[in-house]
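Okay, thanks everyone for squeezing in. I'll put the structure up, and then I'd like to walk you through a hairpin and a sheet.

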Amino acid sequence: MSEHAKLAERHRRVVPAWVGLYYEEPIELVSGKDCWVVDREGNSYLDFFGGILTTSIGYGVDEFVEAVRTQSSQMVHSSTLYLIRPMVELAEKISELSCIPDAKVFFVSSGSEAVDAALMMCCTARRSNQVLAVRNSYHGRSFAAVGVTGNRSWSPSSLDPLSVSWIHGGDSLRGIFAGMDDRSLIEGAARDLREVIETTTAGDVACLIAEPIQGVGGFVIPPDGFFGALQHVLAEYGILYVSDEVQTGWGRTGEHFWGYQAHGVEPDLLTFAKGLGNGLAIGGVVGRASVVDSFAANSISTFGGNPLSTAGALATLDYILDHDLQRNALEVGRRILGQLAEGTASIPMVGEVRGRGLMIGVDLVVAGTTDPFPSAAGAVLEAARREGLLVGKGGLHGNVIRISPPMSVSAATADDGVARFLSALRSVSERMGERR
Ligand SMILES: Cc1ncc(COP(=O)(O)O)c(C=O)c1O
């Protein structure tokens, strides 16, 4: 039995069945450098998923490693009962980068906790437990985060601390807005929002929570201005707006530092996690002080903002800014998109290639339709692995390949990855053809 097979067997014995593993023969990644990772059996892969958009600046980056090494030799954890210098410094930077005036920052250890905290802040500020969420969204695994997650395969429970009403997202490929031009789609979504508020709520809704680009949902990208039109309606009712930037933050979309900036909106709160820590467990909420400060009772996240995660996050953020990785995400993302559009034009099971910066989705369909083809996506994932390439999978039906390498990926490495991906895609297309 291989080392991987042995570990997979032990994993299945002690880890919950619902913690999914990629691949028929799961792999253990043991080391990495830049965009490359090596598994326990010595195979190397080009990583085009970055630990789910989390390894933002790459593996083994000297500045990051040094910051973590130095901080871990001095003080790993003290708790927020004491002053933490890197936490304050990081909060100052994120407050300014958020573009929200006089913003305050609360640190936690994951995206789910960030979403939970943001929802509680809005509900407390508005004295209401009514929340608006978007179909096909993903916001995490805590009770409240699952409650605003509009994707059945990530919703293990219907119990919810909130009263949630659902609006349509900006999907122009499937659903009720399929095939609409941008303007009609935006107008339709604003009408839907108003109708949902009027018909399913008591009016005094706390907030809308939405991802600027639906990540787990398959990199579904609404037209620019979409959330601006929605905020117009929200403002009439005094409803707060939370932009969940767990996947879209830190310049990954290329054109903007935050996903919300494509929409002409002013969020009240932003949630963040993933890419900020380059793999360290850190998340948080940044937003208007009047909303963040709305708790009248004490609240603490014991690990939130600890010296180690904030020192590592500071090093990551400085690296992103010093090396202008947002620009790199824009340029390399366009390059990958262009090559994919050309390389997949003659592959019938590719329904759509879409993306912003380094969030790129390849939507696999039954040829000639928009019907999802999830088994093809599973086969492409396996074939890519055989080509030495790691990619992700998402979408409501699990039919979208997700490509999101570290934001530091070079043009040459991107070309290499695209070539591997196209080879995997072609082999699956030849094998599975137009089968369902
Ligand atoms: C948009 C969004 N929000 C929240 C989360 C939850 O983050 P975490 O898994 O760190 O709890 C995720 C995770 O994928 C996410 O994509």
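**A hairpin and a sheet**

Let's start at a turn: β11 and β12 make a hairpin with 2 residues between them, and in that turn G357 has a positive phi of about 55°. Keep in mind that this is a predicted model.

So how is that hairpin held together? β11, residues 350–356, runs antiparallel to β12, and 6 bridges join the two. If you want a register marker, V353 stands opposite V362 in β12.

Now look at the other partner of the pairing I want to show. β12 is also joined to β15, residues 400–403, by 4 bridges, again antiparallel. Here D363 stands opposite V400 in β15.

Is β12 buried or exposed, then? It covers residues 359–364, and 6 of the 6 are buried, so the strand is largely enclosed by the rest of the structure. That goes for both faces: M359, G361 and D363 point one way, I360, V362 and L364 point the other way, and all are buried. Yes, that list of buried residues includes D363, the residue across from V400.

Okay, on to the sheet. We have 7 strands in an open sheet with mixed pairing, and the order is β4-β10-β9-β8-β7-β5-β6. Which strands stand at the edges? Those are β4 (104–108) and β6 (163–167); each has a single partner strand, so one side of each is left without a neighbour in the sheet. Ignoring direction, neighbouring strands here are turned by 20° against each other on average.

For a parallel pair inside it, take β5, residues 130–134, and β7, residues 207–210, which pair over 2 bridges. V131 is the residue opposite C207 in β7.

There are helices on this sheet too. α7, residues 182–200, packs on it and touches β5 and β6, with its direction making about 150° with that of β6. Then α4, residues 85–97, lies across β4 and β10 (283–287), running at about 125° to β4.

Zooming out to finish: the protein has 13 helices and 15 strands. The C-alpha trace spans about 60 × 55 × 45 Å along its principal axes. For 436 residues you'd expect a compact globule to have a radius of gyration near 22 Å, and the protein has 21 Å, which agrees. Of those 436 residues, 53% count as buried. And among contacts with a separation of 6 or more, 74% come from residues 24 or more positions apart.

That's my bit; happy to go back to any of the views.

Technical notes: Residues numbered from 1 in each chain as written. Predicted model: local features only at pLDDT ≥ 70, side-chain atom pairs only at ≥ 80, totals over all residues. Rg over C-alpha atoms; globule rule 2.2 N^0.38 Å. Buried ≥ 20, exposed ≤ 12 C-beta atoms within 10 Å, placed from the backbone. Contact = placed C-beta atoms within 7 Å. Pairing = 2+ DSSP bridges. Axes fitted to C-alpha atoms, helices over the stretch in contact; angles between N-to-C directions.
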